[in-house]
Amino acid sequence: MKRTAFPAIVIVAVLLAVLGSLALAQQDKYTVRVPGGLAFSEFRGYEAWQVVSISQDGPLMAAILANPVMIDAYAAGIPGNGRPFPDGAKMAKIHWNPKKMETFPAATVPGTLHDVDFMVKDSNRFRDSGGWGWAVFKYDTASGTFAPGTTADQPPQENDAKCGFVCHTIVKTRDYVFTEYGKR
């Protein structure tokens, strides 16, 4: 009996070692940072934030989420009342490649993850970009990892917290925020 138990123990040990190394090889998304800009870790827990709106941007579909500070500001009428969002307000925009739902083909649903965009209001840190900082993190489906957006992307992304500033200047009167709060 000792002869048969020994190979089983070795097999289990090897499997545990392989599985352990695979787990360690997975990227911790919270270690990724835009050079000279925002870190993914500044948005820890964004997956549980409240939905503000959904959108379709070209071929991608998106959900726009906001932290409680941003949600409270929307509830208070910002930006429609002309007041700016408070410091600490944060948004996440999750883009997916759309696909037809297998069980109900008339429906289009999120397919593979494309990227996650973030913005945060911090008037002191981002004085030269309307008080907002931005970041884009592309998702590589094959490796399951995130990387900062680059100037080679469409649309091009600068490698700093001002990557969204130029685009967002057209909504300066809305405190640089495009997203309308969806009626409930």
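Q: Which residue stands opposite Phe146 of strand 6?
A: This is a predicted model, and in it strand 5 and strand 6 run antiparallel, joined by four bridges. Look across from Phe146 in strand 6 and the residue standing opposite is Tyr139.

Q: Which residue in the turn between strand 5 and strand 6 has a positive phi?
A: These two strands make a hairpin, with four residues between them. One residue in that turn has a positive phi of about 70°, and that's Gly144.

Q: Along strand 6, which side chains point to one face and are buried?
A: In a regular strand, side chains alternate between the two faces of the sheet. Strand 6 shows this alternation: Thr145 and Ala147 point to one face and are not buried. Pointing to the other face, and buried, are Phe146 and Pro148.

Q: In what order do the six strands line up in the sheet?
A: Strands of a sheet pair through backbone hydrogen bonds, either parallel or antiparallel. Here the pairing is antiparallel and the sheet is open. From one strand to the next, the twist averages 25°. The strand order is 1-2-3-4-5-6.

Q: Which are the edge strands of this sheet?
A: An edge strand pairs on one side only. Two strands here do that, one covering 50–57 and the other 145–148. They are strand 1 and strand 6.

Q: Which residue in strand 2 is the bridge partner of Val51?
A: Strand 1 and strand 2 pair in the antiparallel sense, over seven bridges. Follow the bridge from Val51 over to strand 2 and you land on Leu65.

Q: In what order do the elements of the chain run from the N terminus on?
A: The chain has three helices and six strands. Reading from the N terminus on, the order is α-β-β-α-β-β-β-β-α.

Q: Which strand supplies the largest share of the largest nonpolar core?
A: That core has 19 residues, and those with the most contacts inside it are Phe40, Phe43, Tyr46, Phe118 and Phe137. Strand 2 (60–66), strand 3 (90–100), strand 4 (108–121) and strand 5 (132–140) each supply at least two of its residues. The largest share is three residues, and it comes from strand 4.

Q: How many residues does the other core have?
A: It lies apart from the largest nonpolar core. Among its residues are Met70, Tyr74, Phe85 and Val136. The count for this other core is 18 residues.

Q: Which residues is Phe43 in contact with, leaving aside its neighbours within four places in sequence?
A: Phe43 is one of the residues with the most contacts inside the largest nonpolar core. With its sequence neighbours set aside, its contacts are Tyr30, Leu38, Trp49, Lys90, Met91, Phe118, Met119 and Val120.

Q: Which residue meets Lys29 in a salt bridge?
A: The structure holds four salt bridges, and in this one the N to O distance is 2.5 Å. Both partners lie in the loop between helix 1 (2–25) and strand 1, so the pair ties together parts that are 18 residues apart in sequence. The partner is partly exposed, with a relative accessible area of 43%. That partner is Glu47.

Q: How many residues apart are Arg125 and Glu42?
A: The side chains of Arg125 and Glu42 meet in a salt bridge of 2.7 Å, N to O. Arg125 is partly exposed at 40% relative accessible area, and Glu42 is partly exposed at 23%. Arg125 sits in the loop between strand 4 and strand 5, and Glu42 in the loop between helix 1 and strand 1, making them 83 residues apart.

Q: Are the salt-bridge partners Asp175 and Lys121 buried or exposed?
A: Their closest N and O atoms are 2.8 Å apart. The pair links distant parts of the chain, with Asp175 in the segment after helix 3 (165–168) and Lys121 in strand 4. Asp175 has a relative accessible area of 9%, while Lys121 comes in at 5%. With a cut-off of under 20%, Asp175 and Lys121 both count as buried.

Q: Over which residues does pLDDT stay under 50?
A: The chain averages a pLDDT of 84, and 80% of the residues score at least 70. One stretch stays under 50, and for it the model has zero contacts beyond four places in sequence. That stretch is residues 6–25.

Methods. Residues numbered from 1 in each chain as written. Heavy atoms only, no water. Core = buried A, V, L, I, M, F, W, Y, C linked by side-chain atoms within 4.5 Å. Buried < 20%, exposed > 50% of the residue type's maximum accessible area, 1.4 Å probe, protein only. Contact = heavy atoms within 4.5 Å. Pairing = 2+ DSSP bridges. Axes fitted to C-alpha atoms, helices over the stretch in contact; angles between N-to-C directions. pLDDT = per-residue confidence, 0-100.
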